[in-house]
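Welcome to a short set of exercises on charged pairs and cysteines. Have the sequence and the structure open, try each task yourself, and then read the solution.

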Amino acid sequence: MTDTTQGQDRDHDGDGGRDEKEAPPSSEATFKKLKGWFLSDYEKQGPWRTQAKEDYGFEAGDQLNEADKAILSDMNRPVVIFNRIGPVVDSVAGQEVGNRQELEFIPRRQGAVQKNEMLTSAARWFLDECDAADEESDSFRDMLTCGMGWTETGLKYEDTPEGAPQVDRTDPLEMVWDAGARKRNLVDKRRVFHIRRDIPIEEAQALCPGDDFEDSDYNATWVDDKKATEDGKPHENDNRFYNKESTGNGEEDSGEKLVTMVRAQWFERVPVHMIADPDDPTGQAIKTLSAEDFKELMAKYKLAGAPMPKSVKGTRKVYKQAYLGAILLEIGDAPCKDHFSFNCMTGKRDRNKNSWFGLVRAMKDPARWSNKWLSQTMHIMNTTSKGGIAAERGEFFDNDAEGEASWAKQDTVTYLKAGALSGANGAKFIQKPVSQFPEASFNLMQFAVTAHRDVSGLNLETLGMQQGAGQAASLDLQRKQSAMTILQPLFDSLRRYRKEQGRLMLYLIENYLSDGRLIKIVGPEGAQYVPLVKQPGNDGNYDVIADESPTSANQKEATWAFLQQILPVIGKMLPPATWLALLKYSPLPTSAQKDITDSIAAEQQQAKPDPEAAKAASDLQASQAKSAADIANAKAVSEAKIQIMRDEAAAKREIAVADAQHAAMTGLMTAPPIVGPDGQAMPNHGADAAQLVMSIVQQMRNDMAGLAQALNTPKRLIRDPNTGELIGIAPMGAN
């Protein structure tokens with residue numbers, strides 16, 4: 001943090017006084033403003049603080065104030081307190097422990113997205129490292145008791161130089177918040193203060209070092225002394241603060257010097273200008289500039305003669321933090337630039353008083369009256385007459401001592417004056433009247449006892465106190481669920497708190513913890529450690545999802561009960577990996593789940609073949625596939641060659657037939673006429689010639705048909721025995 005108060009000009013006179021040691025006007029004005037905010041909010045929250053202290057007392061069993069106890073003691077009545085509020089708070093707080101939630105971070109980007117495993121695992125590590133679940137459970141219990149629960153999230157550098165996660169429960173009575181905040185969990189608050197009392201002066205000096213600070217500068221006495229507290233009376237010094245008085249014997253008090261400090265966090269709105277980013281070629285990016293940067297940029301545009309870019313003026317929140325004592329000790333930027341370090345969960349809202357309350361406030365009157373009526377009933381039973389007689393001394397018994405021992409036994413005999421009981425009937429004794437126990441007192445006490453559950457909304461089933469053996473399990477579950485429905489607004493506040501705290505934690509992880517430290521990520525292949533580094537591209541734009549954790553007891557029980565119904569139907573269709581995923585929802589201990597997972601993984605590893613054998617088998621399979629491909633290719637080539645040879649033979653036959661026909665016709669046409677013996681041409685030569693030609697053609701056709709039949713007869717291929725090349729074709733069966 002930036003300490004703007006250190007190095008201030010402080011003038012000291014010779015005797016060490018503070019005549020000239022005043023803060024600069026800016027620091028003094030800031031201190032006055034913060035102090036005014038604090039006192040105004042503190043005064044408005046005074047009635048709530050009174051009720052909250054009483055709520056804590058009732059939850060702890062202190063349900064009668066000192067005045068009531070004194071009245072009962074003066075009346076010789078027993079002071080009896082049965083704490084029936086504690087089990088109710090324990091039951092609801094136990095529901096939170098059994099149904100804890102976990103955070104998931106979903107990046108905001110276009111298209112299908114999945115949760116960011118790195119940041120989600122880093123959040124789990126953050127919470128586990130500082131036992132945040134226990135701290136948050138304590139804060140939830142605070143909310144159930146007084147209506148508000150607070151935690152502080154940050155980093156501690158005392159034990160670890162690189163910073164260790166921190167989630168601490170903060171006492172609600174130490175917190176002062178913006179009195180104008182009205183939304184649940186105070187998400188609309190503008191400021192918050194944390195009062196730290198009883199701080200050793202050495203620790204205060206280490207927290208806000210300053211060479212020119214005096215010890216008294218660290219003590220904010222104005223918190224308790226300058227303002228009336230919730231009971232209307234200012235706190236006395238009571239040896240809690242630094243400025244202790246002398247013990248009276250000339251020696252200073254040897255006790256530890258303690259001071260009170262106030263830490264303030266608030267935000268201020270500063271003007272900004274939003275313009276199109278000149279470095280973005282698309283012109284879609286928006287750049288936010290402060291007023292000074294915007295003025296400087298406009299001057300450059302004007303000097304260059306370029307047209308002024310369009311801009312929109314707005315405001316931006318700047319979060320600040322300061323430490324207050326008697327003066328302003330330190331001021332600077334808040335640890336988180338857009339969140340308070342303190343997160344709140346609120347209970348039920350009192351709209352008229354703008355305050356919050358929990359379950360205890362409604363149960364206080366039933367607790368008061370049930371205890372008072374119980375005390376009254378016991379007093380009536382102790383003081384009511386239980387029999388015996390009243391007799392005149394010496395008139396009824398020969399021996400008073402023997403008569404008392406033999407008649408009254410353990411009861412008391414009341415002696416009267418002689419003649420006090422003499423009457424017309426001559427009676428010398430009377431029987432003491434026996435008082436009847438007032439039945440209405442017992443009924444009122446029973447009514448007050450049952451009112452604890454009525455006003456809180458919880459029933460016997462939720463508290464685990466149902467005695468009925470004949471009640472069905474389904475009815476018991478339904479009554480539990482109906483009671484939890486009444487309490488859902490409280491758990492909704494817890495869910496909203498987790499989301500707000502998750503956004504703060506995300507900022508701390510990305511800006512302070514992403515330094516390469518190892519983070520454990522649990523995935524399907526088991527746990528592995530990876531360095532945590534900042535992931536560019538999202539700039540903190542994530543949706544924070546608060547989901548029920550599979551490690552919570554109630555969630556595991558409900559999930560496993562549902563799985564038992566569907567696993568007999570779909571169990572045979574599930575692969576081993578799915579069974580391992582379902583194993584984490586079983587009620588088995590974590591160690592047993594890990595042993596089962598490791599044994600299955602080891603068996604699967606053994607079932608896998610040797611890598612070398614697998615490689616050899618793969619090579620053999622590839623070689624066989626290549627050989628089969630070569631054979632198929634050679635067969636296709638051979639069939640193609642055979643078909644080509646057939647086509648060539650058929651073409652040659654057709655050419656030969658055509659040539660023969662042409663030659664025959666030509667020969668016949670050009671042959672000289674046949675001369676008879678007389679030297680004259682023989683008649684009918686042309687017809688005979690044509691007939692002769694046709695017979696020759698028919699014979700050739702028959703010959704070609706026989707040749708075609710011979711060619712179509714199945715044949716075998718003849719290959720060279722050395723090279724395997726095709727060298728001829730022969731009919732099947734031929735040598």
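## Exercise 1: A pair on the outside or the inside?

In this predicted model, D62 forms a salt bridge with K69, and their closest N and O atoms are 3.7 Å apart.

**Task.** Decide whether D62 and K69 are buried, partly exposed or exposed.

**Solution.**
1. Start with the cut-offs: buried means under 20% relative accessible area, and exposed means over 50%.
2. D62 has 44% relative accessibility, so D62 counts as partly exposed.
3. K69 has a relative accessible area of 23%, so K69 is partly exposed too.

## Exercise 2: A link across the sequence

**Task.** Find which parts of the chain the salt bridge between R191 and D41 ties together.

**Solution.**
1. Look at the contact: the side chains of R191 and D41 meet in a salt bridge, with 2.9 Å from N to O.
2. Place each residue: R191 belongs to strand β5 (residues 191-200), while D41 belongs to helix α1 (residues 25-44), so this pair ties together parts that are 150 residues apart in sequence.
3. Check the surroundings: R191 and D41 are both buried.

A word on the background: side chains of opposite charge can pair when their charged atoms come close.

## Exercise 3: A pair within one helix

**Task.** Work out where R368 and D365 lie, and which network they belong to.

**Solution.**
1. The closest N and O atoms of R368 and D365 are 2.8 Å apart, and the two residues form a salt bridge.
2. Both residues sit in helix α9 (residues 360-383), three residues apart, which is about one turn of the helix.
3. R368 has 22% relative accessibility and counts as partly exposed; D365, at 44%, also counts as partly exposed.
4. Now follow the shared partners: salt bridges join E54, D55, R361, K364, D365 and R368 into one network.

To put these pairs in context, the structure holds 24 salt bridges.

## Exercise 4: What about the cysteines?

**Task.** How many disulfides does the model have, and how far is C146 from the nearest cysteine sulfur?

**Solution.**
1. The cut-off for a disulfide is two cysteine sulfur atoms within 2.5 Å.
2. By this rule the count is zero.
3. For C146, the nearest cysteine sulfur is that of C344, 9.0 Å away, and C146 is in no disulfide.
4. Add the accessibility: C146 is buried, with a relative accessible area of 0%.
5. C130, at 13% relative accessibility, counts as buried as well.

Conventions. Residues numbered from 1 in each chain as written. Predicted model: local features only at pLDDT ≥ 70, side-chain atom pairs only at ≥ 80, totals over all residues. Heavy atoms only, no water. Salt bridge = Lys/Arg side-chain N within 4 Å of Asp/Glu carboxyl O. Helix = DSSP H or I, 4+ residues; strand = E, 2+ residues; numbered from the N terminus. Buried < 20%, exposed > 50% of the residue type's maximum accessible area, 1.4 Å probe, protein only.
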